[in-house]
Amino acid sequence: MLHDFLNRREEEKRIKEAGRLPPGQSVTLKFPVLHYGRVPGFNPATWSFRIFGEVEAEKCWTWVEFLQLPTVTITADIHCVTGWSKFDTVWEGPRFRDLMPLFAVRPAARHVIVHAEEGFTTNLPLEVLLDDDVLLAYKFGGKPLEPDHGYPLRLVVPRRYFWKSAKWVRGLEFSVEDRPGFWERAGYHNEGDPFKEERYQPQVSRF
Ligand SMILES: Nc1nc2c(c(=O)[nH]1)N[C@H]1C(S)=C(S)[C@@H](COP(=O)(O)O)O[C@H]1N2
Ligand SMILES: [Mo]
């Protein structure tokens, strides 16, 4: 109906004015599923989460150990590079920053390589992971993650395009040097800030 359409336009305009909708994005109420490859299985007996690279003390949590870590719940807007944004998503899990004292990152480490199942990687400046809304999340909307959305564990970095929020994460590698990940090597922007509309690399794809 024209009336609904106009109402939606009005609503979108209101939100944009409030500064929540990055340029070139539109709001969806759905939760699209996007990834390369298949959805990996999960075996709680063999699963682990590893902290390695430029740290004083490497870590390796089992699933049971990981569930003991203190968690927080955040509400955030997420922005996918394909053009949809979803408002007020609710995530629960340990906050990255709160885990830092457990492994003591060396001062020279400025970058983090996020490792997920099947060799998927993505890269982020350590500084970005220190934001208070960056979680290793295992719940979405109060329930365990759906397998499609990263069960059992995914990274959530609301202030970057959603491809940096790796699903099925298995470890974080701290590094002196930056190292582009899977989508970054395929031509996505290295930083991926939605409000600067950093979607793709300015230069030609490196594949
Ligand atoms: N392990 C893994 N994580 C991934 C991806 C992937 O291919 N593999 N794709 C990313 C991309 S491109 C997007 S847009 C989001 C989508 O998350 P969703 O399916 O929960 O919406 O996951 C990101 N995390
Ligand atoms: Mo994506």
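This report describes the surroundings of ligand 1, the pocket that holds it, and two backbone features in a predicted model.

## Ligand 1 and its shell

In this predicted model, ligand 1 is surrounded by 19 residues, of which Pro32, Tyr36, His149, Arg154 and Lys167 are the closest. By residue class, the shell around ligand 1 consists of 14 nonpolar, three polar and two charged residues; the two charged members are accounted for by Arg154 and Lys167, both of which are named among the closest residues.

## Polar contacts and coverage

Polar atoms of the protein approach ligand 1 from both backbone and side chain. On the backbone side, a polar atom of Pro32 lies 2.7 Å from an oxygen atom of ligand 1, while a polar backbone atom of Ser165 is 3.3 Å from a nitrogen atom of the ligand. On the side-chain side, Trp183 places a polar atom 3.5 Å from a nitrogen atom of ligand 1. Taken on its own, ligand 1 has 530 Å² of accessible area, and the protein covers 98% of that area.

## The largest pocket

Where does ligand 1 sit? The ligand occupies the largest pocket of the protein, which holds about 520 Å³ of space. The lining of this pocket comprises 29 residues, and those closest to its centre are Leu34, His35, Tyr36, Phe120 and Trp183.

Two of these central residues also appear in the description of the ligand: Tyr36 is listed among the closest residues to ligand 1, and Trp183 supplies the side-chain polar atom at 3.5 Å from a ligand nitrogen. Sorted by class, the lining of the largest pocket divides into 18 nonpolar, six polar and five charged residues.

## Backbone features in two loops

Two loops carry backbone details that may interest a reader who inspects the geometry. Between Tyr151 and Pro152 the peptide bond is cis, with omega at about 10°, and Pro152 belongs to the loop that runs between strand 10 (143–144) and strand 11 (154–156).

The other detail concerns Ala104, a residue other than glycine whose phi is nevertheless positive, with a value near 50°. Ala104 is located in the loop between helix 3 (96–99) and strand 6 (111–116).

Methods:
Residues numbered from 1 in each chain as written. Chains lettered and ligands numbered in written order. Predicted model: local features only at pLDDT ≥ 70, side-chain atom pairs only at ≥ 80, totals over all residues. Heavy atoms only, no water. Near = heavy atom within 4 Å. Polar contact = N/O pair within 3.5 Å; in protein donor to acceptor, adjacent residues only side chain to side chain. Areas by Shrake-Rupley, 256 points an atom, 1.4 Å probe, with all protein chains shown as cover. 1 Å grid on protein atoms, 1.4 Å probe; cavity = no way out; pocket = protein on both sides within 12 Å on 5 of 7 lines; lining within 4 Å. Sits in = over half its atoms within 2 Å of the grid points. Nonpolar A, V, L, I, M, F, W, Y, C, P; charged D, E, K, R; others polar. Points joined across faces, edges and corners; volume = space filled by probe spheres on them. Helix = DSSP H or I, 4+ residues; strand = E, 2+ residues; numbered from the N terminus.
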